[in-house]
Amino acid sequence: MKIVYIQTYPAYHDFGDSEQWLLLDNRDKWMPGITKELGHETELWCIANNPKVKHYSWKEGISYPIRFFRPDSMSGKTKFHKSSQMIAFAKQQNVDLYVLKGMDGGAGTSLLNEVILRKRIPFAFVIGGKWESSLSHKAHAVLYETAHQKDLLKQKTWKFWSKPCTEEQLIHLPKSTNTDVFKPKSSIEKKYDIISMGRLIPYYKNYDALTSLAGHLRIGFIGGGPELERFRNKFPDIDWIGPVPNKEVPDYLNQSKLFFYTGLRDHFPRVIVESASCGVPVVAFADIFKLDVIPESVGVLVGKDTFKEEIISLIQNTTRIDELSQSCRMYAIENWNKESSRATIQKMLEGLPK
């Protein structure tokens, strides 16, 4: 069978440069590699500002092509960018399954409307931040990450175009990280009590909980954005590290005793997995994340009204932190490794026409 994976957001969406996306080694590239290893013709397609074909090496002797297609326009929100070049190429291909990363990206919606639905080609969604789509119930499979996402996908809503997915469509997709790269480094000094990471952008992200701990604990923050200088000036007690290349993130995570995720809207951010893999326990809010995202062996879920006392108490309990450090590392190795999506892919391919 021929399986094509689609990045529905452009390669330059998060990085501003498709070359930076190409350097990022993550599950988006590992899943096609596993699919190729299972014996299927496999490709990964993406919109980029420099059209070309690259080959990704999954393992020795196992590689597949990544095809970059030119966007129709570079104006407007990047998430909605689409490519007529990709559509024209897709119309010439015989594909058995399209796997779309994200439900609302322009590359995916245009491909669905102009090729996949018209030719009745099976497709699957890999859920990103957005879980709702008018087409999810028509998918061969919907790959979800959290129990909450699954519940939402099975619910009936008041929206006339929204229909629930069946149990058979829904397949759990574990997170993945390179546990050989994101690993504990005992030689690195614990410079911070807590560290956090994200993008400093207005209106979307919330770092009030983090800044409220300034002056009480040693705090570091990884990430840039248009608000970086404002935060640096307003909260000088926090070490605003700025943007860091992904390959250097493990070194910074290892400088902290705990990782504090303050987000109020995310389902399952990748940094939780990366931090746990480094042996850095995760702290997050209990009414945002559940135990399937942050199990007791990975970290601690705190209350919005009591997090200060809970975090400070945990920082003082070095024995508990050491225990969590060992257990979160082991959990990541066993459940969030580079091969963790293999069983999901095998199940997704079941039932496809041969």
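Which residue in β6 is the bridge partner of V99? In this predicted model, the partner of V99 is A124, and the pair offers a handy way into the strands around β5.

Strand β5 covers residues 97-101 and has parallel neighbours in both β1 and β6. With β6, which spans residues 123-126, the parallel pairing extends over four bridges, and V99 with A124 belongs to this pairing of β5 and β6. Strand β1, made up of residues 2-7, is likewise parallel to β5 and is joined to it by five bridges. Here I6 can serve as a landmark, as its bridge partner in β5 is L100. Strand β5 is also mostly covered, with four of its five residues buried.

Turning to the helices, α3 (residues 84-91) packs against α4 (residues 106-119). The angle between the two is about 25 degrees, and their axes lie 10 Å apart. Because angles under 35 degrees count as roughly parallel, α3 is described as roughly parallel to α4. The crossing of the two helices is right-handed.

The residues that build this contact can be picked out on both sides. From α3 come M86, I87, A90 and K91, and these meet A107, S110, L111, E114, V115 and K119 of α4. Sorted by class, the contact between α3 and α4 comprises six nonpolar residues, one polar residue and three charged ones. Among the charged residues are K91 on the α3 side and E114 on the α4 side, while S110 of α4 is the polar one.

Notes:
Residues are numbered from 1 along each chain as its sequence is written. This is a predicted model: local features need pLDDT of at least 70, side-chain atom pairs count only at pLDDT 80 or more; totals for chains, interfaces and linings use all residues. Side-chain values use heavy atoms; hydrogens and water are left out. Axes are lines fitted to C-alpha atoms, for helices over the stretch in contact, and angles run from 0 to 180 degrees between N-to-C directions. Angles under 35 degrees count as roughly parallel, over 145 as roughly antiparallel, 65 to 115 as roughly perpendicular and the rest as oblique. A crossing is left-handed if the near helix is turned anticlockwise from the far one by less than a right angle, and right-handed if clockwise. Contact means heavy atoms within 4.5 Å. Buried means under 20% relative accessible area, exposed over 50%, partly exposed in between (1.4 Å probe, protein chains only). Two strands pair if DSSP finds at least two bridges between them.
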